[in-house]
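Let's work through a few exercises together, one step at a time. Grab a pencil and look at the structure first.

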Amino acid sequence: MKKLILGTVQMGLDYGINNSFGKISIEESHQILLKAHISGITTLDTAEVYGNAHKVIGIFHKNNPDYKFNIVTKVPHNIESNSIEIKVKEYLADLEVNCLDVLMFHSFESFINNSTAIDVLVDLKLKGYINHIGVSVYTNDQIEYLLNEDEISVVQLPFNLLDNISIRGTLIEQLKVKGKIIHTRSAFLQGLFFKKTSDKNKIVQKLKSELEILNQIVEQSNCSMEELALSYCLFQKNIDNVIIGVDSEDHLNTNIKASTYKIEEDTILKINNIKTKDLDLLNPSLW
């Protein structure tokens with residue numbers, strides 16, 4: 001389970017195209033966190049903009065000091081350099097941890113627009129408040145730009161059955177050559193893969209042919225969609241960590257079980273051959 005990172009947006013917000021439960025209660029959130037840690041998932045992905053997710057995690061840490069998580073969190077899109085250190089100290093207090101494993105820019109635009117913040121973040125690394133500086137990206141152009149940004153050691157990017165190797169090409173390998181740590185998100189494309197192709201949702205209809213191919217692959221492989229989606233990401237040797245989001249403890253258990261599925265080489269080739277033409281359809285922020 002060490003390759004899995006648990007996303008916490010559902011613990012602070014009502015989130016996801018296939019989320020019928022809404023925001024998770026604090027009691028359920030803490031059950032999920034306990035189960036995750038016991039199962040070997042020791043890193044959480046969170047952010048200030050995820051509602052009260054920081055506080056939910058912090059209360060869990062306070063009540064369960066033997067089950068501390070490594071934390072990946074993100075500064076807001078519009079952050080002033082002179083307020084970053086104050087923010088980081090607030091995060092540490094809210095999360096009940098002594099150090100952030102990764103502090104990320106929430107978007108590539110935020111990184112570009114706050115170039116003076118890098119010096120502040122490097123200083124915070126030297127002070128022991130953070131271990132890594134990262135950027136969350138969407139496009140290949142953004143990934144290429146970060147290849148030569150030496151201070152950026154973690155890159156978080158979308159990767160899944162449709163946002164796949166045919167789209168990312170050799171960029172993931174190039175990031176590894178540069179010594180970057182790679183986190184991927186949207187393994188289930190916010191739950192889109194679980195939608196029926198008859199669903200009237202406009203994104204489902206625009207991706208109907210691709211979703212039908214995935215359903216065929218699931219049937220041919222005699223596996224679940226969870227198993228197919230997770231194993232495809234986890235199989236990639238150049239991906240260090242895969243972020244998953246869950247809305248219940250049962251959902252977490254399903255994903256943990258799915259993560260043990262061994263995907264076949266010919267199945268990977270079938271997935272790699274799926275080429276979505278309109279890449280905007282794979283970006284949930286544009287839905």
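**Exercise 1.** Work out how Lys89 and Glu85 pair up, and where they sit.

*Solution.* Start with the side chains: Lys89 and Glu85 meet in a salt bridge, 3.3 Å from N to O. (A salt bridge is a side-chain nitrogen of Lys or Arg within 4 Å of a carboxyl oxygen of Asp or Glu.) Next, place them: both lie in helix α4 (residues 84-95), four residues apart, about one turn of the helix. Helices here are DSSP runs of H or I with at least four residues, and strands are runs of E with at least two, numbered from the N terminus.

A quick word on the source: this is a predicted model, where local features need pLDDT of at least 70 and side-chain atom pairs count only at pLDDT 80 or more, while totals for chains, interfaces and linings use all residues. Residues are numbered from 1 along each chain as its sequence is written, and side-chain values use heavy atoms, leaving out hydrogens and water.

**Exercise 2.** Are Lys89 and Glu85 buried or exposed, or in between?

*Solution.* Recall the cut-offs: buried means under 20% relative accessible area, exposed over 50%, partly exposed in between (1.4 Å probe, protein chains only). Lys89 has 42%, so Lys89 is partly exposed. Glu85 has 23%, so Glu85 is partly exposed too.

**Exercise 3.** Find which residues join Lys89 and Glu85 in a network of salt bridges.

*Solution.* First, Lys127 forms a salt bridge with Asp123, with the closest N and O atoms 3.2 Å apart. Then link up: Glu85, Lys89, Asp123 and Lys127 form a network of salt bridges.
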